[in-house]
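This briefing introduces a structure to a reader who has not met it before. The sequence and the model are shown first, and the notes that follow are grouped by topic.

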Amino acid sequence: MEAHDETFLRQAIQLGRDARVRGERPFGAVLVANGQVVAQAGDQCRALSDPTAHAELRVISTYCQTATLFDLDGYTLYSLTEPCVMCSGAIKWAKVSRVVFSVPQAMLQTISGGLQKPSCDSLVNTGGRHIEVCGPYLLEEGLAVYHGFDFAQHREQILSQQK
């Protein structure tokens, strides 16, 4: 873990807390270039009625559109949770150089009752370009965000609002 990683990872953890307070799923992500935060987001699936509005996708998409960039080589993405399959694909295609996370996917699936998923590292490091994937870090702090959150109930609430 690099010296500044803790600071940025704590920001991602806080964004997950903030998302939870807003009625979203507790996920957060921060995008950093040259030691500066350039974008941050929490989960927005519920607010945007978009199942793909994960924090990591929002950070990448919004920043790339705003900065008119297509390539995030040299950038680090900090995430409360190890990125899922979809987000890992976006990280790979955007050419993010480094990913730092708190809670591993395997632990999230245990907490949420979901099925085990491939690791971010196994997904982003197919092909010739290597992306550094680091974590878990600050695990206790990351896990605290999920304490008492009922993923199944949250999904049911969203579905009942659609009817």
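Leu138 is located in the loop that runs between strand E5 and helix H7. The model is a predicted one, and Leu138 has in it a positive phi of about 50° although it is not a glycine. The points below begin with the backbone around this residue and then turn to aromatic pairs, a helix and the nonpolar core.

**Backbone in the loop between E5 and H7**

- Leu138 is buried, because its relative accessible area is 17% and the cut-off for buried is under 20%.
- The loop that follows strand E5 (132–134) and precedes helix H7 (139–146) also holds Pro136.
- Gly135 and Pro136 are joined by a cis peptide bond, with omega at about 5°.
- Most peptide bonds are trans, and most residues other than glycine have a negative phi.

**Other positive phi values**

- Thr68, which is not a glycine, has a positive phi of about 50°.
- Thr68 belongs to the loop between helix H3 (55–67) and strand E3 (76–81).
- The relative accessibility of Thr68 is 69%, and exposed means over 50%, so Thr68 counts as exposed.
- Lys95, just after helix H4, takes a positive phi of about 65°.

**Aromatic pairs**

- Across the whole structure, a search finds 6 aromatic pairs.
- In one of them, the ring centres of Phe27 and Tyr146 are 5.8 Å apart and the ring planes are at 55°, so this pair is tilted.
- Phe27 lies in the loop between helix H1 (5–21) and strand E1 (28–33), whereas Tyr146 lies in helix H7, so the pair ties together parts that are 119 residues apart in sequence.
- Phe27 and Tyr146 are both buried.
- The rings of Phe27 and Phe151 also form a tilted pair, because their centres are 6.3 Å apart and their planes are at 50°.
- Phe151 is in helix H8 (residues 151–162) and Phe27 is in the loop between H1 and E1, so this pair ties together parts that are 124 residues apart in sequence.
- The relative accessible area of Phe27 is 10%, and this residue is therefore buried.
- Phe151 has a relative accessibility of 14%, so it counts as buried.
- One aromatic cluster is formed by Phe27, Tyr146, Phe149 and Phe151.

**The buried side of helix H4**

- Helix H4 (residues 85–94) has Cys87, Ser88, Ala90, Ile91 and Ala94 as buried residues.
- These residues cover an arc of only 160° around the axis, so they are on the same side of H4.
- The elements against which the buried residues of H4 pack are H3, E3, strand E4 (98–103) and helix H6 (120–124).

**The largest nonpolar core**

- The largest nonpolar core contains 43 residues.
- The residues with the most contacts inside this core are Leu31, Ile60, Leu72, Tyr78 and Ile91.
- Helix H3 gives the most to this core, namely 6 residues.
- When neighbours within four places in sequence are left aside, Ile60 is in contact with Leu72, Leu77, Ala90, Ile91, Ala94 and Val96.
- Ile91 therefore appears in two places in this account: among the buried residues of H4 and among the residues with the most contacts inside the largest nonpolar core.
- In soluble globular proteins, nonpolar side chains tend to be buried together.

Technical notes
Residues are numbered from 1 along each chain as its sequence is written. This is a predicted model: local features need pLDDT of at least 70, side-chain atom pairs count only at pLDDT 80 or more; totals for chains, interfaces and linings use all residues. Side-chain values use heavy atoms; hydrogens and water are left out. Helices (H or I, at least four residues) and strands (E, at least two) are DSSP runs, numbered from the N terminus. Buried means under 20% relative accessible area, exposed over 50%, partly exposed in between (1.4 Å probe, protein chains only). Rings of Phe, Tyr and Trp (its six-membered ring) pair if their centres lie within 6.5 Å; planes under 30 degrees apart count as stacked, over 60 as edge-to-face and the rest as tilted. The arc is that of the directions from the helix axis to the C-beta atoms. Contact means heavy atoms within 4.5 Å. A nonpolar core is a set of buried Ala, Val, Leu, Ile, Met, Phe, Trp, Tyr and Cys residues joined through side-chain atoms within 4.5 Å.
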